[in-house]
Protein chains: 2
Amino acid sequence: MVTRTGAAGRREQILREAARLFAERGFHGVGVDEIGAAVGISGPGLYRHFAGKDAMLAELLVGISGQLLTGAKRRLAEADGAAGPMAVLDSLIEGHIDFALDDRPLITLHDRELDRLRDSDRKLVRQLQRQYVELWVEALRAAYPGLAEPAARSAVHSVFGLLNSTPHLGRPGSLPGRATTAALLHRMARGAFAAAGAD
Amino acid sequence: MVTRTGAAGRREQILREAARLFAERGFHGVGVDEIGAAVGISGPGLYRHFAGKDAMLAELLVGISGQLLTGAKRRLAEADGAAGPMAVLDSLIEGHIDFALDDRPLITLHDRELDRLRDSDRKLVRQLQRQYVELWVEALRAAYPGLAEPAARSAVHSVFGLLNSTPHLGRPGSLPGRATTAALLHRMARGAFAAAGAD
DNA sequence: GTCGACTGTTAATGAGCGTTAACCATTTCT
DNA sequence: AGAAATGGTTAACGCTCATTAACAGTCGAC
């Protein structure tokens, strides 16, 4: 049989389609038969790859949080030392925008379906999210030393809201082009932070 | 019997609790028994007030969109003429922030459960939302004449994302005070718009 | 060549849940 | 007083849906 999706295994294919469907209609709004149909198998066949529907969501959410965190850590390590604190912040913003534009369904899931998880998984995801936020808060306060910690935390969450608005920006075709959109989002995030830093 | 909630009728009480529960666990994640329990009656008693679970969600979403739109129109009418275009924009921002801070559950529902509606209701809500966005786009382009229309539209959606981040800002107690938070959000929205306007 | 491992299939099971039915207490209007 | 409207109750129905059971084809290893 020819695999249409290149070297992506069935698991990855299933996860990608499940993410899309969950983002479109919510975790409870999509059935396992539908997920199966999206990858060409039907219903219970999914159970050869995942322990259950919950396990797919868990793997997705843990994966997202992990990717975001490790990406941010990598960027911090790269940008550290040489460039100033503003460049560090820029790098974080750029990374988050890339993610928001390339994996819109995952961004949607990220803050929408967290409470459907088992306790242990939810705790893990929250911990990863918390670390990610913490990196941003530190970078932001390094760039704007006058900013108090609670205000910085609020500002970071607000900018996440701004950057994560990509799913509302109309379908990919209607955007003025990826690079243009990315640049606009970047400028706005910088502007929002600068305004937050001016007390 | 003493009504604990002042003059609020049962319908309003039910809607308020349903909004809270829907926002917390999603439309499909909460059962009618739960909604009933939240207002002291149980399960099917709700059907004396609403045609069904869908009807509650529909009334909530239509109500939100309508409130936002009429509030914005009122503010535009009041601020028109005298003050400059920047003051108009500020008034819109202020109104949206008030709403986001006072009705956090509704803000959450607003962009999360739209597709659970019947076609006719969904069309209505979308139309109201579109009109609301249009008011903002016009106000923004009046304040920043150099801004092209697609960029302005993207910028408006992004600032909505920023302002609607209030549910992620921690429970009411952990905020540094409502006025402080409102001021921070306002500054950031202005800053984001200014950065979008600088092409 | 045949024995597992792997990946599917369809049918059955069982729980959850929205909705309706049938019934009852209380208030309100005439 | 009595009738109707109002706002509840519990029990039952029926559908959806995740999960499991039982079965089967394919294919590499020994």
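Domain bounds here come from an automatic or database domain assignment. In this predicted model, that assignment splits chain A into domain 1, residues 1-50, and domain 2, residues 52-197. The centres of domain 1 of chain A and domain 2 of chain A, taken over C-alpha atoms, sit 26 Å apart. Where the two domains meet, domain 1 of chain A puts in 17 residues and domain 2 of chain A puts in 14 residues.

How much area goes out of sight between these two domains? The size of an interface is often given as the accessible area lost when the parts come together. For domain 1 of chain A and domain 2 of chain A, the buried area comes to about 1,400 Å², with carbon and sulfur atoms giving 74% of it. As for polar links, five residue pairs are in polar contact across this interface, both residues of each pair being at pLDDT 80 or more. The elements that give two or more residues to the domain 1 side are α1 (10-25) and α2 (32-38) of chain A. Of these, α1(A) has the largest share, with eight residues. Sorted by class, the domain 1 side has 13 nonpolar, two polar and two charged residues. The count of salt bridges between the two domains is one. There is a salt bridge between the side chains of A:Glu59 and A:Arg11, at 2.6 Å from N to O.

Next comes the pairing of the two protein chains. Chain A and chain B bury about 2,500 Å² between them, and 62% of that is on carbon and sulfur atoms. The contact draws on 32 residues from chain A and 33 residues from chain B. How many salt bridges cross the interface of chain A and chain B? The rule finds zero. Polar contacts are another matter: 12 residue pairs turn up across the interface of chain A and chain B, again with both residues at pLDDT 80 or more. On the chain A side, α1, α7 (149-163) and α8 (178-197) each supply at least two residues. The helix that gives the most to this side is α7(A), with nine residues. By class, the side of chain A that touches chain B breaks down into 14 nonpolar, 10 polar and eight charged residues.

That leaves the DNA. Around strand C there are 15 residues, and those that come nearest are A:Arg10, A:Arg48, A:His49, B:Tyr47 and B:Lys53. Among the strand C atoms within 4 Å of the protein, 53% belong to sugar or phosphate, and the rest belong to bases. Phosphate oxygens of strand C pair up with polar atoms from both chains: a polar side-chain atom of A:His49 lies 2.7 Å from one, while a side-chain N or O atom of B:Lys53 lies 2.8 Å from one. B:Val32 uses a backbone N or O atom instead, 2.8 Å from a phosphate oxygen of strand C. The surface near strand C has six nonpolar, five polar and four charged residues.

Strand D also has 15 residues around it, with A:Val32, A:Tyr47, B:Arg10, B:Arg48 and B:His49 coming nearest. Here, 56% of the strand D atoms within 4 Å of the protein belong to sugar or phosphate, with bases making up the rest. The side chain of A:Tyr47 has an N or O atom 2.3 Å from a phosphate oxygen of strand D, and the side chain of B:His49 has one at 2.7 Å from a phosphate oxygen of this strand. A polar backbone atom of A:Val30 is 3.4 Å from a phosphate oxygen of strand D. The residues near strand D divide into six nonpolar, five polar and four charged.

Conventions
Residues are numbered from 1 along each chain as its sequence is written. Chains are lettered from A and ligands numbered from 1 in the order in which they are written. This is a predicted model: local features need pLDDT of at least 70, side-chain atom pairs count only at pLDDT 80 or more; totals for chains, interfaces and linings use all residues. Side-chain values use heavy atoms; hydrogens and water are left out. A residue is near a molecule or strand if one of its heavy atoms lies within 4 Å of it. A polar contact is a pair of N or O atoms within 3.5 Å; within protein, one must be able to donate a hydrogen and the other to accept it, and residues adjacent in sequence count only if both atoms are side-chain atoms. Ala, Val, Leu, Ile, Met, Phe, Trp, Tyr, Cys and Pro count as nonpolar, Asp, Glu, Lys and Arg as charged, and the others, Gly among them, as polar. Contact means heavy atoms within 4.5 Å. Buried area is the accessible area (1.4 Å probe) that two parts lose on being put together, summed over both. A salt bridge is a side-chain nitrogen of Lys or Arg within 4 Å of a carboxyl oxygen of Asp or Glu. Helices (H or I, at least four residues) and strands (E, at least two) are DSSP runs, numbered from the N terminus.
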